[in-house]
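Reader: I have just opened this structure for the first time. Could you take me through it?
Author: Certainly; please look at the sequence and the model first.

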Amino acid sequence: MRASLSATRTSAAALFSLSLLALTRPGAAAQIAAIVTDQEGRPLADAVVVAVPAQGVPPSAPPAAREIVDQIGQEFVPYVKPILVGASVFFPNKDNIRHQVYSFSPAKQFELPLYAGTPARPVVFDRPGIVVLGCNIHDWMIGYIYVSESPYFAKTGADGKAHLIDLPALSYRVRVWHPRLQGPESATQRPADLGDGSRAELSWKLVLKTEVRVRRAPVSGSRGHY
Ligand SMILES: [Cu+2]
């Protein structure tokens, strides 16, 4: 009886040290679980959480990808699209009317000709920053491309949660941005030391600007509803 109890204890201790080993193994993947709410504590969707390695982005970081921002039902989908700097973005028009997508943002100024379908060439976003998308035909269409200097980012869902997984075990500065964020994005920054490959839980309560939206034009046959 005593022997088996001691054996159980030994294996429990072994398991415990094994799990510690898994948590602290050099080079292990780190994780950040973020939760973003508004000032009333309600979950906030469409917030971009970005982790920037304190020592700079490692050369082994994932490369920029080809991305897509659709136009569906005369809206940009998704409303907020985080991408890595250098990524090319296609803007397929899934509507049966034409759109003319543009941006005047300093991070990227462009204008696609009036088009239906998908323009042959994507737009390359070669500078970090926030790019506000509009359509010259439909004033209410607005969307955002968040061009991140770090490949480690995620966007919150309706539950206000974003998960950054498989991060290199490093120290990070983590910040959050949202289209209605009041004040500078840099003010949201906080450190997360994940050099031991651990998991950090971070939460933000953001002060938001009041939403100002352009009134949508009447849809034909909709009896004057906006
Ligand atoms: Cu349009």
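Author: One definition comes first: a residue is buried under 20% relative accessible area, exposed over 50% and partly exposed in between, with a 1.4 Å probe and protein chains only. The model is predicted, so local features need pLDDT of at least 70 and side-chain atom pairs count only at pLDDT 80 or more, whereas totals for chains, interfaces and linings use all residues. Residues are numbered from 1 along each chain as its sequence is written, and side-chain values use heavy atoms, with hydrogens and water left out.

Reader: Is Arg-175 buried or exposed?
Author: Arg-175 counts as buried, because its relative accessibility is 12%.

Reader: And where does Arg-175 lie?
Author: Arg-175 lies in strand 15. Strands (E, at least two residues) and helices (H or I, at least four) are DSSP runs, numbered from the N terminus.

Reader: Which residues is Arg-175 in contact with?
Author: Leaving aside neighbours within four places in sequence, the contacts of Arg-175 include Val-48, Val-50, Tyr-146, Thr-188 and Trp-204. Contact means heavy atoms within 4.5 Å.

Reader: Which side chains make a polar contact with Arg-175?
Author: The side chain of Glu-149 does so at 2.8 Å, and that of Glu-185 at 2.7 Å. A polar contact is a pair of N or O atoms within 3.5 Å; within protein, one must be able to donate a hydrogen and the other to accept it, and residues adjacent in sequence count only if both atoms are side-chain atoms.

Reader: What about salt bridges: how many are there?
Author: The count is eight salt bridges, where a salt bridge is a side-chain nitrogen of Lys or Arg within 4 Å of a carboxyl oxygen of Asp or Glu. One of them joins Lys-155 and Asp-46, whose closest N and O atoms are 3.4 Å apart.

Reader: What does that pair tie together?
Author: Lys-155 is in strand 13 (residues 153-155) and Asp-46 is in the loop between strand 1 (30-38) and strand 2 (48-53), so the pair ties together parts 109 residues apart in sequence. Lys-155 is partly exposed, at a relative accessible area of 28%.

Reader: Which salt bridge does Arg-175 form?
Author: Arg-175 meets Glu-149 in a salt bridge, at 2.8 Å from N to O. Strand 15 covers residues 171-177, and Glu-149 sits in the loop between strand 12 (142-148) and strand 13, so this pair ties together parts 26 residues apart in sequence. Glu-149 counts as partly exposed, at 30% relative accessibility.

Reader: Which other residues are linked by salt bridges?
Author: Glu-201 and Arg-199 form one at 2.6 Å, N to O. Glu-201 is exposed at 62% relative accessibility, while Arg-199 is partly exposed at 44%. Asp-38, Glu-40 and Arg-42 are linked in a network of salt bridges.

Reader: Changing topic, what is the strand order in the open sheet of four strands?
Author: The order is 13-2-15-16, with antiparallel pairing. Two strands pair if DSSP finds at least two bridges between them. Strand 13 and strand 16 (190-193) are the edge strands, each pairing on one side only.

Reader: How many bridges join strand 15 and strand 16?
Author: Strand 15 and strand 16 pair over four bridges, in the antiparallel sense. Ser-171 stands opposite Asp-193 in strand 16.

Reader: Lastly, how many helices and strands are in the chain?
Author: The protein chain has one helix and 17 strands. Of its 226 residues, 41% count as buried.
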